[in-house]
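Student: Got a minute to go through a structure with me? I'd like to start with the cysteines.
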Amino acid sequence: MQTILILGANSDIAKALAHEYAEHGYHLCLAVRNSERLDEDVHDLKIRYQVEVQSLEFDAEDYASHEDFYHKLSPKPHGVIWAIGYLGDQQQAQVDFEHAEMIVRANYLGAISILNIVANDLESRKSGFIVGISSVAGDRGRQSNYIYGSAKAGLTAYLAGLRNRLYSSNVHVLTVKPGYVYTKMSSHLNLPPKLTAQPADVAKDIFQAQQKLKNILYTKWYWNFIMMIVKLIPEGIFKKLSL
Amino acid sequence: MQLSGWGNYPKIKAKVHRFATAEDLQSLLECNGEYIVRGLGRSYGDSSLASHVISTDNFNRILSFDENKGVVCCQAGIQLKEILNVFIPRGWFLPVTPGTKFITIGGAIASDVHGKNHHVDGSFSRHLLEMTVMLGDGRVIKCSPGLEKDLFWATCGGMGLTGVILTATFRLIRIETAYIHQETLKARNLEHVMELFEASNEWTYSVAWIDCRSRGKNLGRSLLMRGEHVTSAGLNEVSSSRSSLKIPVNRCLSVPFDCPEFLMNQYTIKAFNMLYYQRIRNSIESSAVDYNQFFYPLDSVHHWNRIYGKRGFIQYQFVLPRSTSEAGMQRILQEIAKSGLGSFLAVLKLFGPQEESILSFPEPGYTLGLDFPFKPEVIQLFNKLDYLVLHYGGKLYLTKDACMSSYMFKNSYQDNQKFSSLKWRFDISGKFQSIQSKRLEI
């Protein structure tokens with residue numbers, strides 16, 4: 001069976017995805033900054049689904065290490081999921097460039113660095129897939145989180161370009177734009193319960209979309225409509241809103 | 001957020017905290033405040049309610065499994081449903097299970113749950129080999145019947161008041177198929193159903209549904225269900241097309257919102273009970289049913305608690321010692337039938353011997369549990385019933401309780417003082433307290 005590499009496997013959506021793929025028989029390679037934190041999850045996944053699971057150290061911001069990291073992977077993954085995201089603090093990022101830079105590095109530059117390597121490999125093997133978890137925040141800049149949003153917008157455009165490039169090599173790229181999800185990243189926010197999904201539901205959506213070779217997935221589905229409206233508001237009005 | 005137990009009464013405002021690692025929990029416990037742990041919130045009343053609630057949702061990993069001995073070690077937040085899904089296909093089943101699989105292992109230990117096999121296999125704690133508990137000061141202690149046994153026996157059935165159960169190691173039982181051979185027997189009245197229980201002592205599983213609306217010579221008329229795991233040879237006899245350890249996926253219904261209160265009136269309830277009893281035509285019927293149908297019939301209707309409406313309901317479950325069971329049950333059933341308040345789903349069961357866990361509910365004798373839609377008359381009825389239960393030397397199940405008095409608790413749970421002193425020994429600063437434990441002055 002094929003192996004899936006999950007980058008940023010400690011996030012709640014990534015963990016739910018690990019369960020989803022393992023349940024469907026895929027082997028897993030879980031990459032995180034500190035792999036010890038995943039020991040218990042590795043045991044759990046192995047026992048529950050009787051698949052092979054390994055955990056590896058991976059630092060998205062240490063670009064120089066990426067070539068070596070990917071080179072050492074054995075077996076090479078059939079699919080790669082980018083699940084790293086860092087919300088940061090918008091207020092702080094407005095006054096502190098270092099913080100803004102950190103947000104951009106974690107959400108955007110790290111992805112370019114590792115996914116370039118992944119794309120080249122999959123392109124030469126002429127098979128496989130890439131799933132990139134971006135965000136609805138990347139669809140339109142809003143005052144409450146535009147630094148994070150702009151990094152995600154960059155990621156969305158990057159993934160669209162990859163999809164275009166890799167199409168002829170039979171490599172599929174899925175861009176995921178989750179709306180509100182109950183995760184560690186959002187635990188301090190007061191999210192509207194009716195619009196907020198559980199990580200497991202989001203993971204099911206992503207798995208389905210990837211298997212069906214969808215290009216862009218809003219999850220849950222109603223974010224399609226919400227973002228359609230958000231994008232349709234004329235800029236002259238949008239700039240006056242407090243979003 | 002607003003929180004309640006499965007009975008939707010009482011409701012309180014609480015802050016919910018989650019943790020994914022023991023370290024997370026440790027730093028959580030450093031904050032001041034009173035906490036109680038909550039699994040899936042399936043205890044009926046207020047035992048999982050406090051101003052700060054620690055949810056074990058994200059602490060649900062399986063840590064090891066011994067394929068030869070069937071010994072599993074897992075974190076406390078895992079659901080019985082998950083354990084069944086993982087291990088039934090490999091030929092293993094839970095040693096003890098209550099009537100729902102939507103509870104956690106931590107909850108199963110804290111309530112020391114019993115199942116239809118209590119008369120042979122005891123409660124959950126009998127099958128628990130070891131557990132780790134985090135005390136209020138952040139220390140993690142490993143305990144078992146041989147090691148730190150005070151903590152072990154206080155934590156089994158201890159309603160989460162000694163600390164937070166982190167991991168549990170317990171034994172599963174071997175099964176050959178996921179099916180149960182079930183026999184349903186009709187009992188005319190209470191005396192008859194008790195005879196049938198005695199006669200079914202050799203069966204692994206037995207339970208009776210009792211019509212608490214019938215009176216006079218029909219008082220206590222029931223259907224007794226008894227069952228055994230089906231062997232693979234046995235399954236082939238019934239149907240060769242069924243795969244032994246896989247079962248068809250059940251379609252689940254769901255009650256989408258709180259139903260209006262008038263839905264549960266004396267006529268609908270009476271009609272339901274009548275139909276349920278008459279559904280069985282012969283005095284004995286037998287069939288092979290899958291484990292979900294046998295153990296978890298109500299789980300196929302999600303949110304079934306909503307049929308009682310916004311006000312919620314209370315379940316009253318008591319046990320009477322064997323010596324007073326017959327007279328006591330007769331007297332209490334009369335009182336319930338007279339009140340006309342009891343609803344469907346009254347369940348009768350004969351318990352066997354019980355472990356030394358200090359606050360556990362089961363003891364040898366008969367237990368009866370039934371639901372009441374919440375209304376003021378019900379509280380008055382409970383006062384009468386409490387008096388009778390005390391009189392016959394019985395006690396109430398803390399996991400179901402929402403309104404018992406501390407007087408009742410202290411006079412019915414013989415070892416309550418022993419428990420309190422242990423609780424306050426392990427939890428010096430009083431970190432773990434539920435609304436229930438304060439009401440009962442534990």
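Student: Why is Cys143(B) not bonded to the closest cysteine sulfur?
Tutor: Because that sulfur, in Cys156(B), is 7.4 Å from the sulfur of Cys143(B), too far for a bond. A disulfide is a pair of cysteine sulfur atoms within 2.5 Å. Before going on, note that this is a predicted model, where local features need pLDDT of at least 70 and side-chain atom pairs count only at pLDDT 80 or more, while totals for chains, interfaces and linings use all residues. Residues are numbered from 1 along each chain as its sequence is written, chains are lettered from A and ligands numbered from 1 in the order written, and side-chain values use heavy atoms, leaving out hydrogens and water.

Student: Is Cys143(B) buried or exposed?
Tutor: Cys143(B) is buried, with a relative accessible area of 0%. Buried means under 20% relative accessible area, exposed over 50%, partly exposed in between (1.4 Å probe, protein chains only).

Student: How many disulfides over all chains?
Tutor: The count is 0. Cys73(B) is in none either; its nearest cysteine sulfur belongs to Cys74(B), 6.5 Å away. Cys73(B) counts as buried, at 13% relative accessibility.

Student: New topic. Which residues have the most contacts inside the largest nonpolar core?
Tutor: Phe87(B), Phe93(B), Ile105(B), Phe170(B) and Leu348(B), in a core of 111 residues. A nonpolar core is a set of buried Ala, Val, Leu, Ile, Met, Phe, Trp, Tyr and Cys residues joined through side-chain atoms within 4.5 Å. Helix 11 of chain B, residues 376-391, gives the most to this core, with 6 residues. Helices (H or I, at least four residues) and strands (E, at least two) are DSSP runs, numbered from the N terminus.

Student: What does Phe170(B) touch?
Tutor: Leaving out residues up to four places away in sequence, its contacts include Val72(B), Cys74(B), Ile105(B) and Phe124(B). Contact means heavy atoms within 4.5 Å.

Student: On to the interface. How many residues are in contact?
Tutor: 14 of chain B with 10 of chain A. The two chains bury about 1000 Å² between them, 44% of it on carbon and sulfur atoms. That area is the accessible area (1.4 Å probe) that two parts lose on being put together, summed over both. In chain B, Arg61(B), Ile62(B) and Arg90(B) lose the most, together 49% of what that side buries.

Student: How many salt bridges across it?
Tutor: The rule finds 3: a side-chain nitrogen of Lys or Arg within 4 Å of a carboxyl oxygen of Asp or Glu. One of the salt bridges joins Arg61(B) and Asp41(A), at 2.8 Å, N to O.
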